[in-house]
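Hello,

Here is the structure I promised to pass on to you. Please open it alongside this message, and then read on for what I found in it.

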Amino acid sequence: MSAPESKPLAHPVRVKIVLAVLAAALTVAGGVPLFKHRHFGTPFVAGPGVTKVIKLSDYSPGLKGRFVDADVFVMEGAEPGGKALIMANTHANEPAGYLAVKILIENAVVQKGTLYIIPTINVSASRNTKAGDGYPLYYDIPTDWGRVRFRMGTRDASPLESWPDPDVYIHYPDKQLLSYLDLRNTNRTWPGRPNGPMMERVTYAAMELMRKEKIDLAFDFHGAETMFPVTNCIVAPQKSAKFATLASMMVKAMEGFDSHVEPSPQNFRGLSHREIGDFSNTLPFLLEAPIPFLDQPTGPKTVKLLLDGKDPFLLSLAKKKKLFVSYDANGWPMDKRVGQHMSTTLEIIRQFSKKTPDRAIRLSGAPKYADLVRDGVGKYFHDPAKAEPGRIHYE
Amino acid sequence: MKKALVILFAAASVVTLAAGQTAVPKAKLPVLTTSAGQSNDVNALNIVLEEADIKYDYCDVPTPEMVAAGVGLGNKQSAEGFHVESTTDLAKFPKGTPFKACLVAIGASLKGMGASGLTIDTEEARVKKLVDYCKKNKIFLVAVHVGGEAGRGPAGSDNERMIDAVAPLADFIVVTKDSNKDGRFSKIAEKGKIGFQQVDYALGLVDIVKKMFN
């Protein structure tokens, strides 16, 4: 008996196969760049001031082996003194702080006291993107020896690390009801819990670092829209307000840029500038530099806009006094934003050191606002090709 | 750095009597510092007084009754959303000594007002009562604005309402240059024949308060 003749597939089945192949091709074509982005690392050259690199999980075992565990660069001075913690990439779509800490790690040397630097406190958000908003996946900074490529992240951790989202996020321990997305936002999950949702574990580990190491000052670097009232400022609770105010007055007079002080509200929970102060002896400061890229009424979200901050729609709004910062055809370039973070931080450290000499922190080698505006941030990045292999860390 | 600071203070203290500016008047101690609008600028004002070595009493939201209680502010203690500080030299001015001057840092902050349980309307009403008390009791009222452009806004905005509540009734107005880019304070001073000074930076106020109180 001969085998029956094969019949051609029915039309609907062929369509389904074609569609399945197309869907798979689209998934691969769309997924591969995201996969590469998630696993891309920018080389950070541990400069002469870095004495060791540890993990955030060293302070809270709940993070051990997790994708979200972050590097902590430690810079110890020969002389004991005060201690400061600097955190960037809380919101990984606000990259000025990330560039500022790369410059500190590669150039600064501490003589007295200790600096702890976490380049990316929200690792998951830095490896996530906001595709719906047309975010670029990367941006490049030119240097004398080539271009350095950075991942452009987003505000919230990926659902891959924090899932599912709740209907509302109930803040711990205050039980304040926050947006469901805030469960993935490391500037809403302070002070955190050791075994809570993943972003609470991250902030809890940072709190433990501050408590165990007796950190005097904590800096959380951010960027904010020009149309948002809390921009171009230092947010500080009452306990930090005098140092913030002194620094604000000094940078205005000595370095020629504005960074006013905003009080940290007592009734809005989960923010670093609130909870760090309330749950430790550390004085917190959250630094906001304007970032036109994040404003809603702009042109396309391009790398150019991210780096130079020039946008014709914002310029038009500025003329109508709709912005909370002065804004002209020069935009708000990255060099200026990084410079503001750097100089404001150094000035707060200087003021604190003046008032509490036994806990003073002294460091050198960090460029200031005028240096960064004049030279550009790329001038201060070190060439990994010339570094010892053990001194390169991919962030 | 020290040299730079000395130069800076010197430069900031060179106050040219440009159009509309008047000499710094003399005022007497003890002095109360406070805020109109609960921005951080009152901290800047307190730092200025400390740099000038002038002792003061401070409350962010004083009532007329507290001002009437004089130095020590009726022994009120700080609590959530309410801050009191008394550094006045009690050997010279014992508790209860009536205030002779009141320095008001103008600047509205939604976060600051929220922290003190205030809205712009309740804050405006509170400030008006305070100003009214100072005028009735001949307390030398100084309006201070060091918030620059960030502490200004369009007509009718929170910041402008705070300015309206204090500046036209002040005995003296002192502001930073960037707070007065549109000449608003100069015009208020001119219209009300109020003493007026403008400084480049907030640190320039150190010299002004020294002249005022010493």
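In chain B, which has 214 residues, buried residues make up 56% of the total. Please keep in mind throughout that this is a predicted model. The secondary structure of chain B comes to eight helices and seven strands. Its C-alpha trace spans about 40 × 40 × 35 Å along the principal axes. Chain B has a radius of gyration of 16 Å, which agrees with the value near 17 Å for a compact globule of 214 residues. If you take the contacts in chain B between residues at least 6 apart in sequence, 74% of them join residues at least 24 apart.

A helix to look at in chain B is H6, residues 158-166. Which of its residues are buried? They are Asn159(B), Glu160(B), Met162(B), Ile163(B), Ala165(B) and Val166(B). These buried residues of H6(B) pack against three strands of chain B, E1 (31-36), E4 (101-106) and E5 (140-145). They also pack against two helices of that chain, H5 (120-136) and H7 (184-192).

Next, a single residue in chain B. Thr176(B) belongs to strand E6, which covers residues 172-176 of chain B. Is Thr176(B) buried or exposed? Its relative accessibility is 2%, so Thr176(B) counts as buried. The side chain of Thr176(B) makes a polar contact of 2.9 Å with the side chain of Asp178(B). Leaving aside residues up to four places away in sequence, Thr176(B) touches His145(B), Val146(B) and Gly148(B), and also Gln198(B), Val199(B), Asp200(B), Tyr201(B) and Ala202(B).

Now to the place where the two chains meet. Chain A and chain B bury about 2,300 Å² between them, and 63% of this is on carbon and sulfur atoms. On the chain A side, Lys242(A), Met249(A) and Gln266(A) lose the most area to chain B, together 25% of what that side buries. The contact takes 24 residues from chain A and 28 residues from chain B.

How many salt bridges are there between chain A and chain B? The count is three. In a salt bridge between the chains, the side chain of Lys242(A) meets that of Glu85(B), at 3.7 Å from N to O. Four residue pairs across the interface of chain A and chain B are in polar contact, with both residues at pLDDT 80 or more. Two elements of chain A, helix H5 (241-255) and strand E12 (260-263), give two or more residues to the side that touches chain B. H5(A) gives the most to that side, with nine residues. By class, the side of chain A that touches chain B has eleven nonpolar, seven polar and six charged residues.

One last stop, this time in chain A. Leu99(A) sits in helix H2, residues 96-107 of chain A. At 0% relative accessibility, Leu99(A) counts as buried. Which residues does Leu99(A) touch, not counting those up to four places away in sequence? They are Tyr139(A), Ile141(A), Phe150(A), Met334(A), Val338(A), Val377(A) and Phe381(A). Val377(A) is 278 residues from Leu99(A) along the chain, and the C-alpha atoms of the two are separated by 7.7 Å.

Happy exploring, and best wishes.

Definitions and conventions. Residues numbered from 1 in each chain as written. Chains lettered and ligands numbered in written order. Predicted model: local features only at pLDDT ≥ 70, side-chain atom pairs only at ≥ 80, totals over all residues. Heavy atoms only, no water. Helix = DSSP H or I, 4+ residues; strand = E, 2+ residues; numbered from the N terminus. Buried < 20%, exposed > 50% of the residue type's maximum accessible area, 1.4 Å probe, protein only. Polar contact = N/O pair within 3.5 Å; in protein donor to acceptor, adjacent residues only side chain to side chain. Contact = heavy atoms within 4.5 Å. Buried area = accessible area lost by both parts, 1.4 Å probe. Salt bridge = Lys/Arg side-chain N within 4 Å of Asp/Glu carboxyl O. Nonpolar A, V, L, I, M, F, W, Y, C, P; charged D, E, K, R; others polar. Rg over C-alpha atoms; globule rule 2.2 N^0.38 Å.
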